[in-house]
Every structure is written in C-alpha cells, then in structure tokens.
Amino acid sequence: MTPRQRIPGVLVLLIAASALAGCDVASKRYVQDRYAGQPPQQVISGVLHLRYVENRDVAFRALRWIPASIRKPFVLSVVGASIVALCAALFRLRRATFAERAALTLILAGAAGNFIDRIELGYVIDFINFDFWPAFNMADIYLTAGGATLVIWGRRLLKEEAWNGQAAR
C-alpha cells in the first residue's frame, strides 16, 4: 500500500480521535458549568461521585516536585510532541492490526483532549471520582484503554517502521 492509498484510512482514524477528544472536552465543559464550586454529586452512594477538580499536574501528581512555572511548558511540550508522533505513527504503520490502530487512536484522543484543556484553561478538568481512586476524566479513560490495548495486542507495534532503517544498513 502506497502512502497515498493509506491517507483515507488515516483520515478516518484522525476524525475518530477528533470526535472522541471533542466528547471529552464537551463533558468537561458541562461538568465545569454545572458542578464547579458545588459539593460532589453522588452517582452510586459510597462508590462513585461527580466531583469538579482542576488538575494542574499530571496523573498521580507525578510532577509535583517541578515548579509550576517549569511544569506547564514542559508538559505542553511533551504532550504536543507526543500528539505529533502519534499522528505520524498512524500514517507510517503499514502492517498494524486493527487493535493497534484503535489503541493509537484512543491514545491520540486522550492526549488531545487533555492538551486542549491545558492550552485553553491551564489545567485539566477531572470529574469522575471513585472513593478509592483519584478523580479522572474521559481522556484518561481513552489513554488507559489505548495503553492497555497496546500491552495486550501490540507486541509488534512500531517494530517494522521504527527499526526499518536498521535492515538497510
């Protein structure tokens, strides 16, 4: 398959990622408008709440030791570069399975959804809150589902393309 033949398939994946990211952003704006400044709303008593949280760090506060003035540009740079790399991977992977392409699409959607928040608001809105786990959002679900799919089905992901140049040497 030539690069020109791959474009329609890649466009479908990019449209799917954009739609998922749009759903994520819309859900966060709804929660922001409805629940900001309000107490958590019970969905399942003692288990699940809708709780508006402004997350200025990354998952599990992993970068809390980096000053905020450095953290924000660092996270934006890393996530922005990751989005570009994911788009390139979707285009370049010739022999990826459906599961691998779906996983990359989910990861791209999740990264884009949280990136939009960071650019627009300076933080990520989290709102799904189990009593035993930190709050998260739809983009986090996409990232987790995509990552889990890669772990389960992606043993050969990127091998052909990433190491393609070594065979030519």
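1. Let's start with the sheet: it is open, has three strands in the order β1-β2-β3, and pairs them antiparallel. β1 and β3 (124-130) are the edge strands, and each has a single partner, so one side of each has no neighbour in the sheet. From one strand to the next, the twist averages 35 degrees. As background, strands in a sheet pair through backbone hydrogen bonds, and they can do so parallel or antiparallel. Keep in mind throughout that this is a predicted model.

2. Stepping back to the whole chain, you have six helices and three strands. Reading from the N terminus, the order of elements is α-β-β-α-α-β-α-α-α. Of the 169 residues in the chain, 38% are buried. Contacts with a separation of 6 or more are worth a look too: 69% of them in this chain join residues 24 or more positions apart. The chain exposes about 10200 Å², with carbon and sulfur atoms supplying 65% of that area.

3. Now the hairpin. β1 and β2 form it with three residues between them, and Gly46 in the turn has a positive phi of about 75 degrees. The two strands run antiparallel and are joined by three bridges. Which residue of β2 is the bridge partner of Ile44? That is Leu48. Gln41 is another one to check, as its bridge partner in β2 is Leu50.

4. Stay with the hairpin for a moment and look at Val47. Val47 sits in the loop between β1 (41-44) and β2 (48-55). Is Val47 buried, exposed or partly exposed? Its relative accessibility is 32%, so Val47 counts as partly exposed; the range for that class runs between 20% and 50%. Val47 also belongs to a nonpolar surface patch of about 500 Å², together with Val43, Ile44, Phe132 and Trp133.

5. On to the charged residues. How many salt bridges does a search of the whole structure find? It finds four. The general idea is that side chains of opposite charge can pair when their charged atoms come close. One of the pairs here is Lys28 with Asp24, whose side chains meet at 2.7 Å, N to O. Both of these residues lie in helix α1 (residues 3-35), four residues apart, which is about one turn of the helix.

6. Lys28 has a second partner: its side chain meets that of Asp117 in a salt bridge of 3.1 Å, N to O. This pair links distant parts of the chain, with Asp117 in helix α3 (residues 98-120), Lys28 in helix α1, and their positions 89 residues apart. Asp117 in turn forms a salt bridge with Arg29, and there the closest N and O atoms are 2.7 Å apart. Since Arg29 lies in helix α1 and Asp117 in helix α3, that pair ties together parts 88 residues apart in sequence.

7. So where do these charged side chains stand on burial? The cut-off for buried is under 20% relative accessible area. Lys28 is at 0% and is therefore buried. Asp24 is buried as well, with a relative accessible area of 0%. Asp117 counts as buried because its relative accessibility is 0%. Arg29 has a relative accessible area of 15%, which also makes it buried. Salt bridges with shared partners join Asp24, Lys28, Arg29, Asp117 and Glu120 into one network.

8. A last stop at Thr144, which you'll find in helix α4 (residues 138-153). Is Thr144 buried or exposed? With a relative accessible area of 55%, Thr144 is exposed. If you want a spatial reference point, try Ala103: it is 41 residues from Thr144 in sequence, and the C-alpha atoms of the two are 9.4 Å apart in space.

Notes: Residues numbered from 1 in each chain as written. Predicted model: local features only at pLDDT ≥ 70, side-chain atom pairs only at ≥ 80, totals over all residues. Heavy atoms only, no water. Patch = residues over 30% accessible without salt bridge, like charges linked within 9 Å, V, L, I, M, F, W, Y side chains within 5 Å. Areas by Shrake-Rupley, 256 points an atom, 1.4 Å probe, with all protein chains shown as cover. Buried < 20%, exposed > 50% of the residue type's maximum accessible area, 1.4 Å probe, protein only. Contact = heavy atoms within 4.5 Å. Pairing = 2+ DSSP bridges. Axes fitted to C-alpha atoms, helices over the stretch in contact; angles between N-to-C directions.
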